[in-house]
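Trainee: I would like to go through the labels attached to this model and see how each one is justified.
Mentor: Then ask about them in turn, and we will set each value against its rule.

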Amino acid sequence: MRFLEGLEKLRERWSSLTAGSLLISVLIAMPVISVFSNVFVGGTSGTWSHLSSTVLPEFIRNTLILCAGVGLGVSTIGVATAWLTTMTEFPGRRFFQWALVLPLAVPAYVMAYVYTDFLQFVGPLQSGLRELFGWKAGDYWFPDVRTAGGAVAMFMFVLYPYVYLLARTAFLERASGMLEAGRSLGLGPWGSFFRVSLPLARPAVVAGSALALMETLADFGTVSYFGVQTFTTGIYRAWFSLGDRVAAAQLSAMLLAFVVLVLVLEHASRGRARFNNTSRQQMVPTPVRLSRPMGLIATLACLLPLLLGFLLPAFLLVRMALVEGDAQFGARFVQLARNSFVLALVTALLAVLLAILLGYAARLARTRLPRVLNRIVGLGYAVPGSVIAVGVLIPVTRLDHVISAWWQGVTGVNPGLVLTGGIAALVYAYLGRFLSVALHTVETSLGKITSSMDDASRSLGVGKWATLQRVHVPILRGSLLTASLLVFVDVMKELPATLVMRPFNFDTLATQAHTLASDERLAEASTAAVTIVAVGLLPMFIISRQIARGNRRTVEETEV
Amino acid sequence: MSHLELAGIDLAYGGHQVVRKLSFRLEQGSIGCLLGPSGCGKTTVLRCIAGFEPVTAGQIRLDGKVVSRSDLHVPPESRRIGMVFQDYALFPHLSVSENIGFGLRHLDTQQRRDRVAELLRVVGLAGQGHKYPHEMSGGQQQRVALARALAPRPSLLLLDEPFSNLDVELRERLSFEVRDIIKATNTTAILVTHDQHEAFAVADEIGIMNEGRIQQWDTPYNLYHRPANRFVADFVGQGVFLQGLVLNDHQVKVELGTLNSAIPVECGIGCGNCDRDCTVSVLLRPDDIVHDDTSALQAEVVHKAFRGADILYTLKLESGSKVLSLVPSHHNHALGERIGIRLDVDHVVTFHEGSDDAVQERPLIGPLRTQ
Amino acid sequence: MSHLELAGIDLAYGGHQVVRKLSFRLEQGSIGCLLGPSGCGKTTVLRCIAGFEPVTAGQIRLDGKVVSRSDLHVPPESRRIGMVFQDYALFPHLSVSENIGFGLRHLDTQQRRDRVAELLRVVGLAGQGHKYPHEMSGGQQQRVALARALAPRPSLLLLDEPFSNLDVELRERLSFEVRDIIKATNTTAILVTHDQHEAFAVADEIGIMNEGRIQQWDTPYNLYHRPANRFVADFVGQGVFLQGLVLNDHQVKVELGTLNSAIPVECGIGCGNCDRDCTVSVLLRPDDIVHDDTSALQAEVVHKAFRGADILYTLKLESGSKVLSLVPSHHNHALGERIGIRLDVDHVVTFHEGSDDAVQERPLIGPLRTQ
Amino acid sequence: ADTELNLYSARHYQTDEALYSNFTKQTGIKINRIEAKEDELLERIRNEGANSPADVFITVDASRLAKADELGIFAPVKSKVLEERIPANLRAENWYAYSTRARVIIYNKDSVKAEDVQTYESLAAPALKGKVCSRSGSHPYNISLGAALVKHNGAEATETWARNVVANFARAPKGGDTDQIKAVAAGECGVTIANTYYLARLMNSDKAEDKAVVAKIGTVWPNQKTWGTHINVSGAGMLKNAPNKGAAVKFLEYLASDEAQGYFANGNNEWPVVANVKVTNPALDTLGKFKADSLPVGELANTAAEAQKIYDRAGFR
Ligand SMILES: Nc1ncnc2c1ncn2[C@@H]1O[C@H](COP(=O)(O)OP(=O)(O)OP(=O)(O)O)[C@@H](O)[C@H]1O
Ligand SMILES: Nc1ncnc2c1ncn2[C@@H]1O[C@H](COP(=O)(O)OP(=O)(O)OP(=O)(O)O)[C@@H](O)[C@H]1O
Ligand SMILES: [Fe+3]
Ligand SMILES: [Mg+2]
Ligand SMILES: [Mg+2]
C-alpha cells in the first residue's frame, strides 16, 4: 500500500511527459556528454602546455574576433531585414520576405571557395583588373578575402537568415497592442523599434545569433581554408597533428563551457522579464509605407545581403558548374540528391517533433532540470563536426556491442553492428547536432504564448497532450515550419558526421562536393554544391512562402 | 476653441462600419465620458483620437489643428495623448517601475525616479515597482497601466475602462484622485466606463453611444432626468415604461395615478401636434415610486435585489405591468408580500408609443447643451 | 458532504505568501462569491481550485475527494472545472465559435454546433461566431470567455470578474442568466467580482478576503448588517464610524442621538466585560441617516455624488465629523446647504475603539453561517 | 569464398572509382566503401572493435598508417606477392604503400632563379624574403616534410629553418597546393612547395588558364645532392577484425598488380611503388626520374607531432 502510494507520488512528479523528455534529452545529449566526459580522463599535459604556450592565445583571440564580428553582423543584418520586411512597405518587400532566407542554402565552405576563387589574386576579378590596368603584384591594394575579416563576411552572409527568420516571427507575433502603447507614450517609429520591438524580440534575436555563433565556433572548413586559426583549429591541431584525441575533446569541452557560460549569463540578465504578448490584440502590425527615397534605401538594404549571400555566389557557382562542372553529373546526382533530401527531411521532421516535446516539457515542468538539459542538448551545435561525430560514435557503438552480445547470447549468431553505419545512427548524429536549431526556435516561440492559454485549455478538460496539439502547435505553426526548414538545410550541408557515420556506398551531395573539393577540384565540386543549393531551395521556397502567407492573411485584412 | 473636436468621423473595420458620423467637442480641462453597450464603438473612438486608426470621413481636431482626416494622419506619438488601454498592454519585459517610467525619457534619472515613485503611491502600489507585470494581480496591472499613462502628463488623457478590475473602494478613491490630477493640471480627458456612478461622479459631460453613434451628449443629471430618446432612457439608470395618456401640457395619466410634471410634457416625435389624448410611454425610475406603508396603492413584490443600502424591488401592479422601486434596505419585505407605494415624480419623461426604432429616429441633442 | 471544500490552504509565489490558511466550503449547486481589495489573492484562490497552482499546505476536496494537497495534485483537466479567466485567455488562432466549442470534443459536429449557437445566443453574440477574438471589443471577448467556460457544462464554475467589461444592463441580464443556468444544472460556482450589487444579487454566500485570508464568509445581508470586523464593515457598502458610548445592552449614544438596537449591542473584542460606559466605534451606513426636511437635527452638505436614482450626500455634523446619507435624487440640495436628517438604525454595529488592527484580531465568523 | 570487401578509405580521389571497379571485374568481389577523413575513420574502426565490418583501411599519409598500426588495428598479411613487389622501405609489418608522391619546389621563372631554390633548406634563405608561399603548417603534407627535416637535420635546425621560412612568407599560409602553384604563376609569390600530382594534373590539363600557369613556372627536385626529395605514400593494410580476410588479401595484392599501379599513375598522377610498371603519363614523364628520400616512410610518424610543435613555435600556422 505504502509502496503503491510512493509509486503514485513518483508518477505524479514524473509525468510521462517529463520522464519522456528527460530520456530524450539524455539520449540526444549523449554525444555532448561523451565529449564532456573526457574532462575527467587524465589529460596529456604535454599537448596542453604546448598549445597554451604557443598557439592557443592567438587562436582564442581570433575566435573572439570572429564571434564578435559574426555576432554583430548577423544580428544587424538579420534584425534590420526582418524589421524592414515586416514593419514597413517598400518596393520588393513581398519578394524579399521569402528570398532573404536563401543564403541559408549555401554552405559556408562553398561560399568560401567561391569567393576565394572569384576574388583571390589569381581569380578572374583581380586578373581582369591587372590585365586592364597593366598592374603587377604589389602595385595595387586589394582586400584579401582569405582573412579573419573575410571569414566574418562569409559567416555573416550565410548565417544572418537564422536571425532574420527568428526575428521576423517575433516581430509578426508581437501584436500591435504593445507598439501602440509605446507610441501613445511618445515613441516614434525608431523609438518603437529600439525600445519595444527589439527588446521584445530579444529571445529570438539571441537564439538566432546564438545559432549563428555556434555554427561559427564549430566551423573548421571555412576557417582552415582561409588560414584563420580559431579555437577549433586548436582542437583539430591537438587531435590530428598531435594525435591527442583526449586533449582535443577537453578543448571542445572548454569551448562548450564557454558557450554555456555565455548563454547562462544572457539568460540571467533577463531576470524575471517575460516576452509574451500581454495585449489581447493579436493583430499583425500594419506595415508603414516608406517614402520613395527611404523605400529605395530599404530595398538596397535587403538586396545587399541577398546579393552577397546568395545571388552572386549562386551565379558564380552555376557558371562554374556549367563551364567546368562535374563530369559525373547525371543519374548519379539524382541518387545523391535523393539521399540528401530524404535524410534532411526525416531529420527535420524528427527534430521538430522532439523540439516540441522538449520545449513543452520544460514549459510545464516546475523544476529546472528539463531546462538545463535542453541547454545541454543544444550544445551539440557548438561542437566541431568531427568531434561530435566521434562523440556520436562512442555511445552508438557501445549500444551496438551490447545488442550484438545479447543477440549472440540468445541465438548464438553474431549479428555484427546493427546500428553503426546505418541510416538510423546517422539521423541520430544529425539530431545530436541540429536538435539545437529546432529547440531554440521552438522554445523562443513557446515563450511568447501566455501560460493562461495552457490553463484555459486544461480547464476545458483538454489534457496536456491534446493541449499541445490543439493550442501550441497551431499557434506555433510558423515557428515549426521555420525550425524544420533550418534543420533541413543544415542537414543538407552537413559533412563531418555524414562522412564518418554513413553506411557503405552511401553518398550525399555534401560528401560528393567534399570529395572533389578536398582534391582541390573546386570547379568540379561546384556541380554538387549547386545541387545542394537547388535541393535546399525547394522546401525553402515552399516553407517561406507558407510562413509569409500565414501572416499575410491578417496583414491584408488590416490593410484594407 | 475646444481642445478636442470630432466632426462627423466614420470608421470601418474591413467593410464593417463601426463608427458613424460621430461628433463631439471637449473644452480644455474638462472630462468627457463615453457610455454605451459593449461593442458599440467606444474603444474605437478612443483609438481614432489617439491616432491608431485612420478615419475614413470627418476630422479630428486637437487645439484647433486637424490631426486626423481621410487624407491626413498625424502619428500617435506627435499628439501628446496618454492612453490607458482596455487590455493594459503593459510591457512584459519591463518591471513595473520601468513601465511607468517608459514615457519619461526626457527627464533625468532622479526626476524620473521621483515621478515613478509618486505615481506608484497614487495608484496604491508603493514599493512594488520592482515586480514584473506577470507577477501582479489583474487590478494591480490595471493600476500600472493607469500610472504609465499619467506619468508623462499628457495634455489629453484617454481612459478605456481604467477601473474595471478594481474594488469599489479603490475605484472610488482612484477615480477621485485621477479627477483631481486632471483638474489640477487642466488636462482634458475622456473616460470610457461601464459604471454609471463613476461616470456621474467623474465626468463633466457624458456621451451615450449606441451602434457607433452618439445618442446624447449631456450632463449626468440631464441624461438621467431628460433622456433624449428611449435608448438613453433605457440605458442610463433603471426604469420601466408604462403606458400613459396625455391629459394636458403638465399632466399624464398612468395606471398608478396622474403624474404632474413641473415642465411641459414633451411627447416625442410623431405626436408633435398632439397636446392631449395621445398615448405615450412614460418612463418610471425606481426612485419615482416610493414605498409608503400608509399608501392605499398596493403592489406585489415579485423580485427583490439586495443592494446594501437599499433593496431594489420589482413590483407587480394590478394590470400585470411591473415597476421598480428603490427602498432603504431595512424595509425588508418578502416575495409575494403586497406593499404600499406612492408616486413621487418630478420630471415626467415620455416617449412616442411604439417600437424601439423611435430611439434612432430622434435627433441628437447637440453637444455642449448644459443643464 | 460539500461539493467543494478548501481546508487551510497556503500558497506562496516565490517566497511571498499570497494565500494563508484559507478555508471555506460550498454545497453542490450554490454560488459563492469572493470579494476583496485588488491584489488580495482572489484569482490565486481560483487558480488553486482549478489546479493551476499546487498548494503548499492544506487541501482542496472536490466531492469529498482530495484534488490538491502538498503531495498530491490532480491535473486541471481531470477536475471538470470551468473557468473564466480575468484576462480571458482566448485562443487567438481560433474563431469565436471554435473557442467556444474548444471543450466540446466529445460531442458530434451537429451537437457541438448547436451548443455553440446556443451559448452565442446566451451571451448576446449570435451571428458573430465566425469572427476572431482580436476582431471583437473587450466586452465581446469577455463574453466569449464566459461562453467557452459554460459550454462543457462543468460541475464547478470559476468566474474571475466575468462581467467587468460589460455595461450595466448586459451585466445584469447575463449575471441572472448565468445564475439561472447554474441553478438549473445544479452547478456549483465561485464568482470573483468587484461589483458588490452583483455579488449580492448572484451569490448565495460571500467570502470577504483580505491579504490572503477570508475575513468573513456569510450571506450578503449579514455582511452588510452584521460585519464580523471592521475591515468587512469598511469594505462592504459605504459607511462611516462615529464614536459612541454604550448606555446599556440595547442603547448606544452618538452625537446624533441615541441608537436603539433591536438586538443586544456587541461591543467587540477588548471590551468584552463592559456592558455600559464603554467607548466604541459605531458604524453608520448611508441608509441609517434619513433625510427629513422636518427634522430639527441639521447637517451641512459638503459633497454630493449624483448616482441616478439617488444622491449620496456627505454631511458635516456640528462636531466636524462627517456622515453619509443616501437621498432620492429629486432631493437635490446644493453644497453648503444645511438639511434636516434623522437617525433610522435597525442594526447597531459597533467595534472596539482603536486602530485598524482590531480587524485582524477578530475571529472569523465561521463558514456557512446563514442569516 | 568472400564475395564482398568492406573498404574504409581516406583517399579522396575520384579516379579511384576505376581502380575499384576493375578489381570487382577481375575477382567478382564487390567493394563496399566508406570514404572519410583519416582520423575519424580510425576512431570508427576503434569503436567498432571486434564487430567492425571493415576489411581494409586505405589512406594517404604515412604517419596515419603508422598511427593505425600503433593502435593495433592492423593484422599482418602473409603474402609473397606483396613482399616481392613492394620495396622494403615502402612497407611496414602490417601495411603496404602502393603509390608515392613527392613534395617538390615550384618557382616563378620570372622572379626566382632555379639555382636559388635547389633544396628545402634554401627556402629559408634571406634572399627569398617576401617570396615564399605555403599552405598551412598543420597540413599533413607539411608536417610530414617537417618530420623528414627533423630526421635529417635535427630538431633545432628545423626550427630555425621554419622560423626563417615564416619570415620569408609573401602572405599568411592559406589554400591548398593548387592555390600555391597558381599564386606562384601569377606572381603573388616566387616559390612554393607542392605535391607532384597537383602539378601533374595542371600539366595534363587542356584548359588554357592551366597551360598558362604551367608556362610560368619551373619545377625543382629538391635536395638531389643531399638526402633526396621528400616523398609521402598512399598505403593500406588489412584490419585485425576483418570479416572477409580472404577478399582483403586479394585486394591488397591487387593493388600491387601492374594494372592497379597503372591506375595510380595514370589516374591520379602518382608514382607506382612497383618497379618497372609501365606508365603512360606525359606529366610524370616530363618530371622525369629523381632521387627520393630513402628514409622508411613509416618512421616519419614518430616525429610528426614534434614537427607540428616546431611549426607552432616558429609561427608557421
Ligand atoms: N506570478 C506571480 N508571482 C509573484 N507574485 C504574484 C504572482 N501572481 C500574483 N502575485 C501577487 O499575489 C497577490 C495576489 O494576486 P491575485 O492575482 O490573486 O490577486 P486578486 O485578488 O485576484 O487581485 P485583483 O482583484 O487585482 O485581480 C498580489 O499581490 C500579486 O502581486
Ligand atoms: N479589429 C477589428 N476588426 C473587426 N471588427 C472589430 C475590430 N475591433 C473591433 N471590432 C468591432 O467593432 C465594434 C466596436 O468595437 P469597440 O472595441 O470599439 O467596442 P467597445 O464599445 O469598446 O466595446 P466594449 O465595451 O465591449 O469594450 C465591435 O462590434 C467589434 O466587434
Ligand atoms: Fe592531396
Ligand atoms: Mg472597449
Ligand atoms: Mg484577480
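Mentor: What follows takes up salt bridges, a metal site, aromatic rings, a surface patch and a helix, all in a predicted model.

Trainee: What makes the contact between A:Glu266 and A:Arg202 a salt bridge?
Mentor: The N to O separation of their side chains is 2.9 Å. The rule asks for a side-chain nitrogen of Lys or Arg within 4 Å of a carboxyl oxygen of Asp or Glu, so the pair qualifies. The two residues come from distant parts of the chain: A:Glu266 belongs to helix H14 (residues 245–270) of chain A and A:Arg202 to helix H11 (residues 202–218) of chain A, 64 residues apart.

Trainee: Why is A:Glu266 called buried, and why is A:Arg202 called partly exposed?
Mentor: A:Glu266 has 15% relative accessibility, and buried means under 20%. A:Arg202 has 26%, which falls between the 20% limit and the 50% above which a residue is exposed.

Trainee: How do you know that B:Glu5 and B:Arg61 also form a salt bridge?
Mentor: Their N to O distance is 3.9 Å, and the cut-off is within 4 Å, so the pair is counted. This pair too links distant parts of a chain, with B:Glu5 in strand S1 (residues 4–13) of chain B and B:Arg61 in strand S4 (residues 57–62) of chain B, 56 residues apart. B:Glu5, at 23% relative accessibility, is partly exposed, and B:Arg61, at 27%, is partly exposed as well.

Trainee: What is the sequence separation of B:Arg173 and B:Glu177?
Mentor: They are four residues apart in helix H5 (residues 168–184) of chain B, about one turn of the helix. An α-helix has 3.6 residues a turn, so residues three or four places apart point the same way. The side chains of B:Arg173 and B:Glu177 meet in a salt bridge at 2.7 Å, N to O. B:Arg173 has a relative accessible area of 35% and is partly exposed; B:Glu177 is also partly exposed, at 27%.

Trainee: How many salt bridges does a search of the whole structure find?
Mentor: The search gives 62 over all chains.

Trainee: What makes C:Thr43 and C:Gln86 donors of the magnesium ion (ligand 5)?
Mentor: C:Thr43 (OG1) and C:Gln86 (OE1) lie 1.9 to 2.2 Å from the ion, and the donor limit for this metal is within 2.8 Å, so both count. C:Thr43 is in helix H1 (residues 42–50) of chain C, while C:Gln86 is in the loop between strand S7 (81–84) and helix H2 (96–100), so the pair ties together parts that are 43 residues apart in sequence. C:Thr43 is partly exposed at 23%, whereas C:Gln86 is buried at 13%.

Trainee: Why is the pair of rings A:Phe193 and A:Phe194 called edge-to-face?
Mentor: Their centres are 4.8 Å apart and their planes stand at 70°. Pairing needs centres within 6.5 Å, and planes over 60 degrees apart count as edge-to-face, so both conditions are met. A:Phe193 is buried, at 7% relative accessibility. Both rings belong to one aromatic cluster with A:Trp83, A:Phe171 and A:Trp190.

Trainee: What makes the charged end of A:Arg195 count as sitting over the ring of B:Phe102?
Mentor: The charged end is 4.0 Å from the ring centre. The distance limit is within 6 Å, so that part of the rule is satisfied. Another such case is B:Arg148 over the ring of B:Phe91, 4.9 Å from its centre.

Trainee: Which residues make the nonpolar surface patch of about 310 Å²?
Mentor: A:Ile60, A:Leu64, A:Phe258 and A:Val262 make the patch. Helix H4 (56–87) and H14 of chain A each supply at least two of its residues. A:Ile60 lies in helix H4 of chain A. At 33% relative accessibility, A:Ile60 is partly exposed, and that value passes the over 30% needed for patch residues.

Trainee: Why is helix H23 (residues 509–518) of chain A described as largely enclosed by the rest of the structure?
Mentor: Nine of its ten residues are buried, so the description follows. Among the buried ones are A:Leu509, A:Gln512, A:His514 and A:Leu516. After H23(A) comes A:Glu520, with a positive phi near 60°.

Key: Residues are numbered from 1 along each chain as its sequence is written. Chains are lettered from A and ligands numbered from 1 in the order in which they are written. This is a predicted model: local features need pLDDT of at least 70, side-chain atom pairs count only at pLDDT 80 or more; totals for chains, interfaces and linings use all residues. Side-chain values use heavy atoms; hydrogens and water are left out. Buried means under 20% relative accessible area, exposed over 50%, partly exposed in between (1.4 Å probe, protein chains only). Donors are N, O and S atoms within 2.8 Å of the metal (3.2 Å for Na, K and Ca); water is not among the atoms, so sites may look incomplete. Rings of Phe, Tyr and Trp (its six-membered ring) pair if their centres lie within 6.5 Å; planes under 30 degrees apart count as stacked, over 60 as edge-to-face and the rest as tilted. A charge sits over a ring if NZ of Lys or CZ of Arg is within 6 Å of the ring centre and within 35 degrees of the ring normal. Patches are made of residues with over 30% relative accessible area and no salt bridge: like charges are joined within 9 Å, nonpolar side chains (Val, Leu, Ile, Met, Phe, Trp, Tyr) within 5 Å. Accessible areas come from the Shrake-Rupley method with a 1.4 Å probe; for residues, only the protein chains shown count as cover.
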